[in-house]
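Please open the model in your viewer and keep the selection panel at hand. The stops below each begin with something to select and continue with what can be found there.

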Amino acid sequence: MIYYDQCDVVLNGSGIMAESAEIGVSPSLAPIYSLGRRGVWNQTPTAPITSNISINYYLESFFDHNKNTIDFIKTGDVTTYAPCSTIIIGNVTGSGYLDSFSFTAQPNSPIMANASYTCFHELIGDLQQKNNRYGYNKTNSSGLAHGYTLHVTSSGNSQIIPTYSLNYSFSADWKPMYKIGDKNPIQINYLGANERFVLNRDVYTGLNLISGVSMTGYLNVTGDTNLDIISLNSVANTTNLSTMNFNLSGAKVSNNLISAQIDDFVRIQTTAINYI
Amino acid sequence: MYYTFRQFPILINGSSILAESCGISFSNELNPSLTTQKHGTSEYVSINNIQGSIALNYYFTGNDPIKTYINTETGYISGYFGGLFVKSGILQSYSIKATPVSPVVVNTNLLFFEQLGGALNTSTTPSKAIDDYKIVNFSDCSLTTTNVSNVDNIENISEFNYSFSRDVKPVYTINTGLNLNNLIPDRIYLGAKQIETSFICDHLTGTFPLTGKNQIVTLNFRHPNLSLSDSISCSGLVRSKTIDFKINDYVTSQVSVVQSITENPPRITGINPNYTYPGNFLRISGDNLNNVTSLYFEDLPAENYYVLSNTLISGIIPTGAISGNIKLNTFGGYVEYPYNLTYPNISISNVTPISGKYNDSITISGLNFYKIDKVMFGTGINGSAGNTTTGSYSILDGQTIQAIVPSSGIWDYISVISTQRQKSGVSPFKFAAYPQIQTFTPNTGLSGINVILSGFNFTGVKGVWFNDILSPSYTVTHNTGIVAKVPTGNVLGYVSLSGVSGVRVYSDTYFYPEVVLTGVYPSQISAGQRVIISGLNFQSGLLYNLGDDTFQVSFNGAVTGMTLWMNNYMTGLSGYLPSEAQTGPVYIYKTDGASVYSTTGNYTKVPGTPILSNITPDFTYTGQYYNGFIEGSELFNITAVRFSGNDNTFTLNKQFLISNTYLIDDILGYRLNIVNYTGFTGGLAYHNYTGTYEVQAIKTNYTGVLSDIYFTVNRS
């Protein structure tokens, strides 16, 4: 039996502070019935085997591999290289393609990220206890991303129009290509991705353009479109800070929702989507 | 009551199959029997027999009782369908759609022209399905495409469709049949049949020949636990191609190949003889050998082949073949069969030319130049080290090779080697690889220095020559480098190498020896005196020519031209000491006229009597500054200038010392410049002081006198 504190959760060689991790392996089997017989002859594969991995973890602002993957998808050469991550959970290892990445920032709470991957090749390894090869919490929690230190937009302008919660999500489409005579894909290519920002504020800005309103200039008057997550230690000092940056430019507002409820102030939820 | 599928097993030709679905349909052809004056009728007349079809889909497990009927024109398929039976089914269509990682499902359609026999047996207790059938999955199969022209082989097929169809027509004659309920056709006409395949791949070229391109597509069925040897194949012409571009999808190419003839798959049972030579006939025995589309001996097509019968082919083994597999394609499929060859020896009869330098092309003539993978300049056999061509070689045909002389060639035999055939041949004589000088450094210097030569094929060099004078010592450091000592003598000229077989090669540029000055004779010389400079390598090509075959020499900066001179003992330059020359070194100028050779000589200038030839101006006025110059020779080291003489009224005997400040500005060997001399004063005020005076230049032990030209002082 392997207890939770003995289970490595490693992403591209770095330990991550996961609250939960799951691996699901799904061969596509179909029963074979035939005329004149009861029961099944066999269960036969009808589609390639795939695995899904999902991890919930504390986001650290100094570095995040998934953020790295997102940045590469946005700016790197994805036509010749499809970035995949090596994920180890309890020594079971897979090469995963990032399907989705999301986090929600609330006041007074650390930011938890959720990432899910699809593996098109078989997983290897068997379940084993951790071997202390990987390091965790390298900044001793001072690099944690927290609701205290997330700024919408950048840290200089975030108080012009305050944000009460933020949800960020990224999703990508990958397409494997299989050929006759092979169980594994011969190649995997990136097809497309998008980012979605959902912000809760108390200021309403109308949407009056049929062609859509860009996030640039929508959030505050200065045109700042940066979303900064500064390391938690910035509340105490100004040295050894790290910042994770998301850029909202290119996103267009897709929805505005004004919500009024008893015992609460009127909130405006703005959703913007950026297609990559 | 409705019954489930479990109770109705299906057998084809008495064997169970894993049927996924089965549909039996039959219809008649009834026409209403209309008569005149009536708009309708309740009577119908049959105008044709009942025709039935069975759509049967089943999983492929390695035993396919229906597939053989694709190529067979005889025999009927019997089927048992849960109690109903058909005795004379005919295969009308057969198709498979292959997608990755999915089970192989065959879709067939059978026709029958009889009454279905039997009745559905609803009382059968279905037996349990047990795991004794291995269902073949497409991930275990292999799909190969072969272009008969051996180009554009296609891989990475993501989808494959195969379909066979044929025309089936029953033929009835009048009075056919036994009774109205059992009309059997007299015969069944099997008409045109066709196999069509299409596949999706990543072959994106747009080439599409008008007459089509031969393509063979073969799906080989495999199962990890079964020893299957079954396949379906389509051998025909590419009929269409579609290249698709879609957002969020891969760019794909869909190719369609159609074959309009089907045969049973070929089979090879034996060959005769079992061992033979390339170029000979080989008889291939087997079955279904008609309609050969290609015959290969490993990777080479047969030079020719003859289909003698359905069971015998005779093919000519290509002369360049190696042992391997016979690869036979017919319209029915593909088969391989091993064969073995005995190889003839490789022989070299001639090499033309027999010598050459690096990068030269030579022709090697001989026999059996097949599967050659090495041409070595140097035997390299029997354990001795040899060289290989670093350039390319071309096999022009079985008797001719064109090879490029490598930079590492040596004087040795040439060998031609076939590793695959384990054969080699050696030239009857040695090939002389010419040495070749690319550069040498330094390109100038004294005798006895080392010069480094760079080039090719230096192994076997017999001598190094400087202007055809043999170097006293040289060392071949490696095949591309030589160090040679410059000999003494007239080494101005090309550097050359002598090699084996009397080969002599020359450099592109000269070696320029240093001119060496060994002495100046006499060592103490007066201006205008003849002087000889002796040394080594005094040659017109090494000296700066002033014209008229005089060569520039500097005597301590005083430049003059001297002529070449030699006697039995030495060479040198001969000339006269320029009058302005002073004691100091002697320099010989190089051909550029600006630089000089490093060795110098020294001489001592012997002072001589000054000779005064002119004074300008030759007069002055009393009380005024005199500025002028005195010309002549041997004017160095003048210590004083004297103006002396008298006339009837005035005596002047003035000598002024040479001063660097204001009296004498320049003392050259041929001129004294007098500046601001004010010595011409005095005399009686009322007399005419005009008169001529003698001018003297005085130096130690010598006095020079201006003759024939007088200096006058006039009253100002």
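The tour goes from strands in each chain to the cores, then to the interface and two single residues.

This is a predicted model, in which local features need pLDDT of at least 70 and side-chain atom pairs count only at pLDDT 80 or more, while totals for chains, interfaces and linings use all residues. Residues are numbered from 1 along each chain as its sequence is written, chains are lettered from A and ligands numbered from 1 in the order in which they are written, and side-chain values use heavy atoms, with hydrogens and water left out.

**Strand β13 of chain A**

Select residues 226-230 of chain A, which form strand β13; helices (H or I, at least four residues) and strands (E, at least two) are DSSP runs, numbered from the N terminus. Of its 5 residues 4 are buried, so β13(A) is largely enclosed by the rest of the structure; buried means under 20% relative accessible area, exposed over 50%, and partly exposed in between, with a 1.4 Å probe and protein chains only. Add strand β9 (residues 150-152) of chain A, which pairs with β13(A) in the antiparallel sense over 3 bridges, where two strands pair if DSSP finds at least two bridges between them. His151(A) has Asp228(A) as its bridge partner in β13(A). Then add β14(A), residues 243-247, which runs antiparallel to β13(A) and is joined to it by 5 bridges, with Ile230(A) bridged to Thr243(A).

**An open sheet in chain B**

Moving to chain B, select the open sheet of 5 strands in the order β34-β41-β40-β36-β37, whose pairing is mixed. β34 (444-445) and β37 (469-470) of chain B stand at the edges with a single partner strand each, so one side of each is left without a neighbour in the sheet. Between β36(B), residues 463-466, and β37(B) there are 2 bridges in an antiparallel arrangement, and Trp465(B) has Leu470(B) as its bridge partner.

**The nonpolar cores**

Next select Leu59(A), Phe101(A), Phe103(A) and Ile229(A), which touch the most other members of the largest nonpolar core, a set of 50 residues. Such a core is a set of buried Ala, Val, Leu, Ile, Met, Phe, Trp, Tyr and Cys residues joined through side-chain atoms within 4.5 Å. A second, separate core has 46 residues, including Tyr162(B), Ile195(B), Phe199(B) and Cys201(B).

**Where the chains meet**

What does each chain bring to the contact? Chain B gives 43 residues and chain A gives 30 residues, counting heavy atoms within 4.5 Å as contact. About 3,200 Å² is buried between the two chains, 61% of it from carbon and sulfur atoms; this is the accessible area (1.4 Å probe) that two parts lose on being put together, summed over both. Of the 2 salt bridges found across the interface, one to select is that between the side chains of Lys183(A) and Asp140(B), at 3.6 Å from N to O; the rule asks for a side-chain nitrogen of Lys or Arg within 4 Å of a carboxyl oxygen of Asp or Glu.

**Two residues of chain B**

Select Ser554(B) in strand β46 (residues 550-555), which counts as buried at 4% relative accessibility. Beyond four places in sequence, Ser554(B) touches residues including Val559(B), Pro585(B) and Tyr587(B).

Finally, select Lys97(B) in strand β6 (residues 84-98) of chain B, a residue that counts as partly exposed at 46% relative accessibility. Lys97(B) and Ser163(B) are 66 residues apart in sequence and 8.5 Å apart in space, C-alpha to C-alpha.
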